[in-house]
Amino acid sequence: MSEGQNSEVTRTRLTLPQEGAYDFKLNSSLVESYSSIRGKPVILDNRKSKLYSRGHIPFSVNLPSATVLENGCYKKSEELEDILQGYKDQKVVVSCQQGVEACIVEVALQHIGNHNVSVYDGSYFEYANKI
């Protein structure tokens, strides 16, 4: 960006929670296990294509997490809509190698309006060790 141009980036200041004890409850509808992923209509494998080609959950579709990112940030809403439009109105399970990349795509799907997304928390690491 040249000097004098305005940045299109809008930053949001986050308020950190106060220190203290918190009780957390797992919302099991947002998490899948090895036994529960069987028969799910759409499983998105969010690992890099090279890892996916070495092995993946049968019938999963490869959608690397980098697909929804640009320079380490989420792409614009319109771009996310275009990329994820085929998954907007479906039950989707996201998976990766250890859980992080899947959460990136889960947030992008939530952003475009799909609130029927869950994360296979064991990810491919668990799946490969069970087969």
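Of the contacts in the chain with a separation of 6 or more, 65% are between residues 24 or more positions apart. The model is predicted, and its chain of 131 residues has 31% of them buried. Along the chain there are 4 helices and 7 strands, which follow one another from the N terminus in the order β-β-α-β-β-β-α-β-α-β-α.

**Nonpolar cores**

- The largest nonpolar core is made up of 17 residues, and those with the most contacts inside it are L44, L84, V92, V94, V105 and L109.
- Two or more residues of this core are given by each of the elements β2 (42-45), α2 (77-84), β6, α3 (100-111) and β7, with α3 providing the largest share, 4 residues.
- Another core, of 7 residues, lies apart from the largest one and includes I37, Y120, Y124 and Y127.
- Which residues does V92 contact, once its neighbours within four places in sequence are left aside? They are V42 and L44, then Y87, L109 and N114, and finally N116, V117 and S118.

**Helix α4 and the loop before it**

- In helix α4, which spans residues 123-130, the buried residues are S123, Y124 and Y127.
- Viewed down the axis of α4, these buried residues fall within an arc of 100 degrees, and so they line one face of the helix.
- This arrangement can be read against the general geometry of such elements: an α-helix has 3.6 residues a turn, so residues three or four places apart point the same way.
- The buried residues of α4 pack against two strands, β6 (92-95) and β7 (117-120).
- Two of the buried residues of α4, Y124 and Y127, are also among the members of the 7-residue core.
- The loop between β7 and α4 contains G122, a residue that is buried, because its relative accessible area of 14% falls under the 20% cut-off.
- Although G122 and S33 are 89 residues apart along the chain, their C-alpha atoms are separated by 6.4 Å.

**Charged side chains**

- How many salt bridges does the structure hold? There are 2, and the residues that form them can be described in turn.
- One salt bridge joins the side chains of R47 and D45, with an N to O distance of 2.8 Å.
- Are R47 and D45 buried or exposed? R47 counts as buried at 1% relative accessibility, and D45 is likewise buried, with a relative accessible area of 2%.
- The side chains of E81 and K88 meet in a salt bridge as well, at 3.5 Å from N to O.
- Here E81 is partly exposed, its relative accessible area being 29%, and K88 also counts as partly exposed, at 28% relative accessibility.

**Aromatic rings**

- What does the charged end of R47 sit over? The charged end of R47 is placed over the ring of Y124, at 4.2 Å from the centre of that ring.
- R47 thus takes part in a salt bridge with D45 and also has its charged end over the ring of Y124, a residue of α4 that is itself buried.
- A search of the whole structure for aromatic pairs finds 1.

How values were computed:
Residues are numbered from 1 along each chain as its sequence is written. This is a predicted model: local features need pLDDT of at least 70, side-chain atom pairs count only at pLDDT 80 or more; totals for chains, interfaces and linings use all residues. Side-chain values use heavy atoms; hydrogens and water are left out. Rings of Phe, Tyr and Trp (its six-membered ring) pair if their centres lie within 6.5 Å; planes under 30 degrees apart count as stacked, over 60 as edge-to-face and the rest as tilted. A charge sits over a ring if NZ of Lys or CZ of Arg is within 6 Å of the ring centre and within 35 degrees of the ring normal. A salt bridge is a side-chain nitrogen of Lys or Arg within 4 Å of a carboxyl oxygen of Asp or Glu. Buried means under 20% relative accessible area, exposed over 50%, partly exposed in between (1.4 Å probe, protein chains only). The arc is that of the directions from the helix axis to the C-beta atoms. Contact means heavy atoms within 4.5 Å. A nonpolar core is a set of buried Ala, Val, Leu, Ile, Met, Phe, Trp, Tyr and Cys residues joined through side-chain atoms within 4.5 Å.
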